[in-house]
Amino acid sequence: MRIETFKRWLDERLSISTLTRTAQKKEVPLHRQSIWYYFGGMTLFLFVVQVVTGILLLLYYRPSAENAFESVQFIMTEVKFGWLVRSIHSWSANLMILTLFIHMFSVYFMRAYNRPRELTWVSGVVLLFISVGFGFSGYLLPWNEVSFFATKVGTDIAGVIPVAGKTMLRFLRGGDEVTGATLTRFFGFHVAVLPALATVVIAIHVLLVQLHGMHVPTRYEQNYRRMKFFPNFLMRDLIGWILAIGVLAALAALFPWELGVKADPFAPAPAGIKPEWYFLFMFQTLKYIPAKIFMFDGEVIGILFFMLGGAALLVIPFINRSPDQHPRRRMIFNVFGVIVLLYIIVMTVIGYLA
Amino acid sequence: MGNTSWDKSTSSKYVNPPPPNRRRFLDYLLGTSAAATLGAIFYPIIRFMAPPQVVEAMQSSVVAAKLSELPPNSGKIFKFGSKPGLLIRTASGELKAFSAVCTHLDCIVQYRSDTKQIWCACHNGQYNLNGENIGGPPPRPLEEYPVNKRGDDIVVNRS
Amino acid sequence: MDKHRELVRASTEVPRDRRLHDERWTGAAKLLLVATVVMITAYPIGAQRKNSCVECHTRLEGKIGDPARSIKDDVHLSRGLSCNDCHGGDPTQDDKDAAKDPRKGYLGRPRTVDIPAFCGKCHNDASFMKKFNPALRVDQEKEYSTSVHGQLLRTGNEKVATCISCHGVHGIRAVSDALSSVYPLNVAETCAKCHGQAAHMAEFKIPTDQYAKYKQSVHAKALYERQDLSAPTCNDCHGNHGAAPPGIASVANVCGQCHARQAELFQASAHKVAFDNMGFGECIKCHNNHDIAAPTDELIGTGEKSVCISCHKPGDKGFAAAGEMRTIIDGLLGQIEKSREILDRAERAGMEVSRPKFELREAIDGVTHARVLIHTSSTAEVDKVIGPAVGVAAKTYKAGEDAIAELNFRRKGLIVSLFFILFLAVLVYLKLREIESRQPA
């Protein structure tokens, strides 16, 4: 009885009932490929984990070259469960990028980006860039040897871009070299700029999904069952999220994130520096490109190529308009997608083994 | 007759609903398990947010000793991060602190109340009360740290 | 208007004849004053400059003229002394015979054997030297006579060093002058001018490789590379004016000037008497004299680089003691290394191990101490330091182990929580099934 009064109170002021009615109507299509529907929500869940653990870390982290490493050490040694929060934050970042890739590729292969969902795709690609930005900026924050040199190499590569490269490098580094200024700047990006952007773009992305509903691949259009989102699909989502927590706990237990050695800007780079796995395929590719292609710098060509790839990602919905009318084009896009996926996987593996 | 809400459990359209007792048991288990998991998530978070014993990250300052426990013309070795420091209360009552690592071969130096100098037992190195190397093999002076008093506590800072 | 102008002109105009009168007088007075000043100041300078020795001899080529040219750097000149203060004569006379008049005390060039006395004329006189440098010693000639150089000189041997061989002559700089041939950084080279020449030293039957050996020593490294002027060079061990190798039984005293602790321990040990009786030069038997290298742990023990085995043979007490001492020092070093490794590992993983690391320093101190105590040649003495140090190192190792164990405990704890998480997931799944079974198909 009291709950009813409370609900009515809320509804009078916030129109809750309209929301709940729409929510009750939300349905999820069920077919052979429905499993991929979980990955968007999983990515969002892991993002929430990042925000929560990130805010907790913020209570103790100090973003200056003199204090950063020591503050992370402090979190790991003195703060109760600090080691757990930090390990989870580091692992969840990687897991989120993984689910993000799976989500993106599944949408690509199912061609869910078609009309009217082009903007959902574009906002998604923007979120990809934002997430990668999160990863790159966050990686420097512990200020240990590995992260220092990974940042140095990464920003060096950015500096190779013709015309804008030098400015880009100075903008990223806060100077000509990687210093405490870089750290403070990356911290600003990581906890303020990127979260603000992400919030806005995630809101747009999720709202668009609610607006258009879930896409059904053409071949199932005629026969698919429907499942209510509340509570059925949501509870399934929940199981997935609980299992994700389990995976995070297992990773934090079996492969705790190391503190490493404090960065020394004047020490030589340790052998075998490589970036985090989601950059590895690009890094490895750059290693294989010959130093000179005709008269151009090999590295520059490689980077321009990847930038082109990123731009291409954005416009996919606009170049593959009605694939059902063109089965051959459909096949080309599928094959292309498979090649890219295989390339990324193979290069990442090679990067690790090398 | 039809599918009224109270009739739901008996309608043939429904697949094997569990008996009420099992359902209640499941609810109970689920409830406690969920509560326990939420507790297991919130407990570390709350403990994490509570300030730890050692309040600051960097050992940029440390309470080296208590005034009441350090008589004039005496010295004390204290831990500064992972390195040793030497705190001296001179005969005139002045407080001085230095790195206790001898600049010759890293032995731990000591204060000698008879010569009123800092001495290294390893190779007879001598430093004056400014930390300057005045005798024996040490090539450089000892690093000096600023000292402050906070009540009865003697606080040594890194720089 | 005109009237005004006229009045002004009248008041400012000086009467013609008075004006001329003033100018002439002030001008003349100024001129006279300047001339007087010039003459007064120029005279003494001119008089000092009036050094006929320098004036004539600078005009001469070769060796006869060199002294006059090099005298400008001389410390004696800067103190107001000149050629005649050593050689006698009269520098105010332009005529050669008048300047070099023996009645004016002209001594000319002294014989080599007379050089010490020649310099000693002033340098032995305390009240004279007080005027220039009150802290300077005045017994150099006396010391010199006790030296090997002095003794040989008395027999008439002119190949040995005299004052001017080391200090130079005519361009003598103070010892504290970095360009002086006897500035600490230059001493060894100066000695080597003779002692390094095989041809020159042939009749004296002593080696000529000291300088070459010294240059490789740890003392030379300290002196030349680190510019540590307190590091010993030839004169610090051999004496400068009374230069002679220290007696065999006093080597430890000489080395002990700086290496006090080691010398003290050695002199109380069994080796002192043994070495002195056998004619070994105490410290130099193990450490060499000129090519003293930085000592390593390999010097002690029974390994092939050790110095102990040059006397001690397997079976004798000394051999056993040497082996033991090396073993326990190595043991401690190994223990320290183990501790350091495990503590570093724990620290990299994020564990708090600053206290054990701090305590490990005590153990490291023990090694330094032990390396000094081996000069007692007594295993028991060395063990007095090694024993506690090993204890400390073991304690820190345990702290490292505990840290790693804590790490593993956390891991296990998390694995346990995994089961509970899975349990929850299963429960949610069951609940889902239950809900769906109640829903319309």
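Helices (H or I, at least four residues) and strands (E, at least two) are DSSP runs, numbered from the N terminus. This is a predicted model: local features need pLDDT of at least 70, side-chain atom pairs count only at pLDDT 80 or more, and totals for chains, interfaces and linings use all residues. Residues are numbered from 1 along each chain as its sequence is written, and chains are lettered from A and ligands numbered from 1 in the order in which they are written.

**Exercise 1. Describe the make-up of chain C.**

Step 1. Count the elements: chain C holds 24 helices and 0 strands.

Step 2. Apply the burial test. A residue is buried if 20 or more other C-beta atoms, placed from the backbone, lie within 10 Å of its own. Of the 441 residues in chain C, 26% are buried.

Step 3. Turn to contacts, which require C-beta atoms, placed from the backbone, within 7 Å. Take those in chain C with a separation of 6 or more: 54% of them join residues 24 or more positions apart.

**Exercise 2. Repeat the analysis for chain B.**

Step 1. Chain B has 1 helix and 11 strands. Its order from the N terminus is α-β-β-β-β-β-β-β-β-β-β-β.

Step 2. Buried residues are 22% of the 159 in chain B.

Step 3. Consider contacts in chain B between residues at least 6 apart in sequence. Residues at least 24 apart account for 36% of these.

**Exercise 3. Work out the sheet of chain B that contains β1.**

Step 1. Set the pairing rule: two strands pair if DSSP finds at least two bridges between them.

Step 2. Order the strands. The open sheet has 3 strands, β1-β11-β10 (chain B), with antiparallel pairing. Its edges are β1 (61-66) and β10 (147-150) of chain B, each paired on one side only.

Step 3. Find the angle. Neighbouring strands of this sheet are turned by 35° against each other on average, direction ignored; the axes are lines fitted to C-alpha atoms.

Step 4. Inspect one pair. β1(B) joins β11 (residues 153-157) of chain B through 5 bridges, antiparallel. Ala65(B) has Ile154(B) in β11(B) as its bridge partner.

**Exercise 4. Characterise the side of chain C that touches chain B.**

Step 1. Count both sides: 27 residues of chain C contact 29 residues of chain B.

Step 2. Assign the chain C side to helices. α19 (260-268), α23 (354-373) and α24 (379-438) of chain C each supply at least two residues. α24(C) gives the most, with 12 residues.

Step 3. Sort by type. Ala, Val, Leu, Ile, Met, Phe, Trp, Tyr, Cys and Pro count as nonpolar, Asp, Glu, Lys and Arg as charged, and the others, Gly among them, as polar. The chain C side then has 13 nonpolar, 5 polar and 9 charged residues.

Note on methods
Contact = placed C-beta atoms within 7 Å. Buried ≥ 20, exposed ≤ 12 C-beta atoms within 10 Å, placed from the backbone. Axes fitted to C-alpha atoms, helices over the stretch in contact; angles between N-to-C directions.
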